[in-house]
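I opened the notebook to look up three things: the ligand site, one sheet, and a few backbone oddities. My notes follow in that order.

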Amino acid sequence: MTTPLDALPLDLLRTRTSSKWTRYPDDVLPLFVAETDFALAETIETALLDAVRRGDTGYAPPRDARIPEAFAAFAARRFGWSVDPSRIRTTCDVMMGVAEVLRAVTRPGDRVIVTPPVYPPFFDVHAESGTVAERVPLRRDDAGWRLDLEGIERAFAAGARAILLCNPHNPTGTVHDADTLAELARIAHRHGAWVISDEIHSPLTLPGATFTPFLTAAPEAAEVGIALTSASKAFNLAGLKCALMVTAADGPNRVVWGIPDEVEWRTSILGVIAGQAALAHGDAWLDALIARLDANRHLLTSLLAEHAPGARYLPPQAGFLAWVDFSPLGWGGDPAARILKDARVALNPGPSFGEPGHGYARINIGTGPEILTSALERIGTLSAS
Ligand SMILES: Cc1ncc(COP(=O)(O)O)c(C=O)c1O
């Protein structure tokens, strides 16, 4: 039984200068942007300190083998996925990778499917890639949220050129099942469309779920898919800027290696060094984080029952983001606004994830149980009033 990771104390977290800890005044508990509240894994801290001491802060060399090889070994160990390191190219971050891949596989004005409720930059990235978002919302049933494959097929048939898949899905925490992904691959293949699979949350797949890398879902998936991933979400390295573009067949591989070299040059060397340490030596730390998130997602069930009775929530299958429907409490379309104003807890507003987010808020549970409990106690003062 792995001991859950402890979070850093609140007074130390408040000395951080990142977005999570500077956006709001100190009387607000921040459980919004996707940063986590743990100390870095020791292996990462050591690798970064060593790099800083030797002034190793120049350009990451193009075709640097460190990240591709570490990721291939990580993917084999954690997902049973055999990745060819020569089919991995790095870039600055996942969203830059998404923008550049979209630019490479579409023409200006092409429609690209997005599946709300979804990570808000999936709507915004089109301003960079010159494409247009076409919304095919997820479907909700008793088991959770799933892709609307019929709606996706209709959109492809009507000319959409690609889909931005969120696998696992932010904000619902859905780990799409292998059959759904295989069918998506076949549908995209039939219509000559691309599947851009953002797998940044996959290292945080939680007990009970099995992550299927999209590129492995079906033979067609390798032909139509390009995956984007990073160590940055699991290991809290967003500021270090290193992400991976992964392919599993010659066609998509040519697309990725056809992207201008400048895109690869924007990879940060500190991101490479930290990411390599994380992927190669971070398994024990990652397991402890997963144990913490597993405990927190269930703690949130009881905290909501106690402090916001009526709120609806399905624990995530992956990641540290919880998607909560506060609409039965009558707090309006944007409960996060009321919660921020009157309970001094910052959550992500549901409507920013698209129309199905009306009445919802996203809670970041990548923290310690104490902070999560205080946040829900504060929210409880609203239910009581
Ligand atoms: C699904 C998803 N993709 C991408 C990102 C951002 O990744 P990056 O900072 O590497 O662009 C996030 C951040 O929360 C995310 O949730």
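**Ligand site.** I listed what surrounds the ligand. The shell holds Ala34, Asp93, Val94, Met95, Tyr119, Cys166, Asn170, Asp198, Ile200, His201 and Lys233. I kept in mind that this is a predicted model. Sorted by class, the shell comes to 6 nonpolar, 2 polar and 3 charged residues. I then asked where the ligand sits. It sits in the largest pocket.

**Polar contacts of the ligand.** I went through the ligand's oxygen atoms next. A polar side-chain atom of His201 is 2.7 Å from a ligand oxygen. For Val94 the partner is a polar backbone atom, 2.8 Å from an oxygen of the ligand. Lys233 brings a polar side-chain atom to 3.1 Å from a ligand oxygen. I took a cut-off of 3.5 Å between N or O atoms for a polar contact. His201 at 2.7 Å meets it, and so does Lys233 at 3.1 Å. How much of the ligand's accessible area does the protein cover? On its own the ligand has 390 Å² of accessible area, and the protein covers 92% of that.

**Open sheet.** I turned to a sheet of 4 strands. It is open, its order is E11-E12-E15-E14, and the pairing is antiparallel. Which strands stand at the edges? They are E11 (312-313) and E14 (348-349). Each has a single partner strand, so one side of each lacks a neighbour in the sheet. Next I checked the pair E12 and E15. Strand E12 covers residues 321-325 and strand E15 covers residues 360-364. They pair in the antiparallel sense over 5 bridges. To fix the register I noted one position: Ala322 stands opposite Ile363 in E15.

**Cis peptide bonds.** I noted two of these. One joins Pro116 and Pro117, with omega about 0°. Pro117 lies in the loop between strand E3 (111-114) and helix H6 (121-124). Another joins Asn167 and Pro168, again with omega about 0°. Where is Pro168 placed? I found Pro168 in the loop between strand E7 (162-166) and helix H9 (178-190). Cys166, the end residue of E7, belongs to the ligand shell.

**Positive phi.** I looked up two residues that are not glycine. Asn236 has phi near 55°, a positive value. Lys241 has a positive phi of about 60°. Which loop holds Asn236? Asn236 is in the loop between strand E9 (225-229) and strand E10 (243-246). Lys241 is also found in the loop between E9 and E10. I closed the entry there.

Methods: Residues numbered from 1 in each chain as written. Predicted model: local features only at pLDDT ≥ 70, side-chain atom pairs only at ≥ 80, totals over all residues. Heavy atoms only, no water. Near = heavy atom within 4 Å. Polar contact = N/O pair within 3.5 Å; in protein donor to acceptor, adjacent residues only side chain to side chain. Areas by Shrake-Rupley, 256 points an atom, 1.4 Å probe, with all protein chains shown as cover. 1 Å grid on protein atoms, 1.4 Å probe; cavity = no way out; pocket = protein on both sides within 12 Å on 5 of 7 lines; lining within 4 Å. Sits in = over half its atoms within 2 Å of the grid points. Nonpolar A, V, L, I, M, F, W, Y, C, P; charged D, E, K, R; others polar. Pairing = 2+ DSSP bridges.
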